[in-house]
Amino acid sequence: MTQPQSLIIDTDPGQDDAVAILLALASPEINLLGITTVAGNVPLALTQLNARKICDLAGRTDMQVFAGLDRPLVRPLVTAEHVHGRTGLDGPVLPDPETPLQEQHAVDYIIDTLRREPAGSVTLAPIGPLSNIAMAMQRAPDTIPRIRQIILMGGAYFEVGNITPAAEFNIYVDPHAAQIVFASGVPITMMPLDVTHKALTRTDRVAALRAIGNRTGVAVAEMLEFFERFDEAKYGSDGGPLHDPCTVAWMIAPDIFNGRPCNVEIETASPLTMGMTVVDWWQVSSRPHNALVIGDLDADRFFSLITERLATLP
Ligand code: BDR
Ligand code: CA
């Protein structure tokens, strides 16, 4: 097998964030260096706690977890307890974590890691608001060309918005950070709602996760049954979109996905469309491509991959 790819996941768990982290921990193609947390779905005090609970669940109390920014760069924090529950990880009852919180600030950890590891070796997978990543870029521009790639969950084009009529949650919460990241020149793969809305946690898919029979499978089934209820009511679908694991699955099996290189710009001025990702999908502008925008996936293969991999965890 080829060398595992070094990865930092930047996250605001979140049930779908949890599955992304578990998928990375269960996959030999990935060397998860650390997990950095940010305020998003719930405040930072809860996202860092939830990340540590997820490491415990995977039997990985050795994993390094860092706390980062407790608010977006410019705007006040917006959270999503209406989707994720009061804890951010409602569903299963998970014990207080043994995995410690590292003392170092997440932004310092990202900068130090990019400077320490070989240039072009570390992938970043931001699956929450982009505040930590943008702050690292602003504080240490020398690290920007050292990033191998950024694979992020955020934005939407044909599916438009899930937190406002025009904007997806992760980008809406910190559009100024998103603007910095999309202008950075780093190769970006973007998993917008256009693809994640095709990755539905159908009843049979959640049942297959529960049927693994390990504690991770049961906990994930309980998380998804809580998480999907909001989107099922909103969209009238069987299951809700499993957004964040698309990023990690792309690293493992990119042939599951389809997309095209596009220009993506972020709206930071208009109150009406704040945080909108303006994707030039039809190539009607002369603006340069700055992201590979994913629009489709083989959802059965995606869920099979997750189920197979989570079966290797405790
Ligand atoms: C994104 O927002 C959060 O609620 C999810 O964890 C995901 O990262 C989807 O819009
Ligand atoms: Ca998330």
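Here are four short exercises on this predicted model, each with a worked solution. Local features need pLDDT of at least 70, side-chain atom pairs count only at pLDDT 80 or more, and totals for chains, interfaces and linings use all residues. Residues are numbered from 1 along each chain as its sequence is written, chains are lettered from A and ligands numbered from 1 in the order in which they are written, and side-chain values use heavy atoms, with hydrogens and water left out.

**Exercise 1. Which residues coordinate the calcium ion (ligand 2)?**

Step 1: look for donors (N, O and S atoms within 2.8 Å of the metal, or 3.2 Å for Na, K and Ca; water is not among the atoms, so sites may look incomplete). You get OD atoms from Asp 12, Asp 17 (listed twice) and Asp 244, plus the O of Ile 127, at 2.2 to 2.6 Å.

Step 2: read the spacing along the chain, which is D-x4-D-x109-I-x116-D. Asp 17 sits in helix α1 (residues 15-25) and Ile 127 in the loop between β5 (122-126) and α5 (131-139), so this pair ties together parts 110 residues apart in sequence. Helices (H or I, at least four residues) and strands (E, at least two) are DSSP runs, numbered from the N terminus.

Step 3: check burial (buried is under 20% relative accessible area, exposed over 50%, partly exposed in between; 1.4 Å probe, protein chains only). Asp 17 is buried at 0%, and Ile 127 is buried at 1%.

**Exercise 2. How many disulfides does a search of the whole structure find?**

Step 1: apply the cut-off, a pair of cysteine sulfur atoms within 2.5 Å. The search comes back with zero.

Step 2: try Cys 262. Its closest cysteine sulfur, in Cys 246, is 17 Å away, too far for a bond. Cys 262 is also buried, at 0%.

**Exercise 3. Why is helix α7 (residues 175-182) largely enclosed by the rest of the structure?**

Step 1: count. Six of its eight residues are buried, namely Pro 175, His 176, Ala 177, Ala 178, Val 181 and Phe 182.

Step 2: find the neighbours. The buried residues of α7 pack (contact means heavy atoms within 4.5 Å) against elements including α5, β6 (147-153) and β11 (291-297).

**Exercise 4. Where do Asp 142 and Arg 115 lie?**

Step 1: confirm the salt bridge (a side-chain nitrogen of Lys or Arg within 4 Å of a carboxyl oxygen of Asp or Glu). The closest N and O atoms of Asp 142 and Arg 115 are 2.8 Å apart.

Step 2: place them. Asp 142 is in the loop between α5 and β6, and Arg 115 in helix α4 (residues 106-116), so the pair ties together parts 27 residues apart in sequence.
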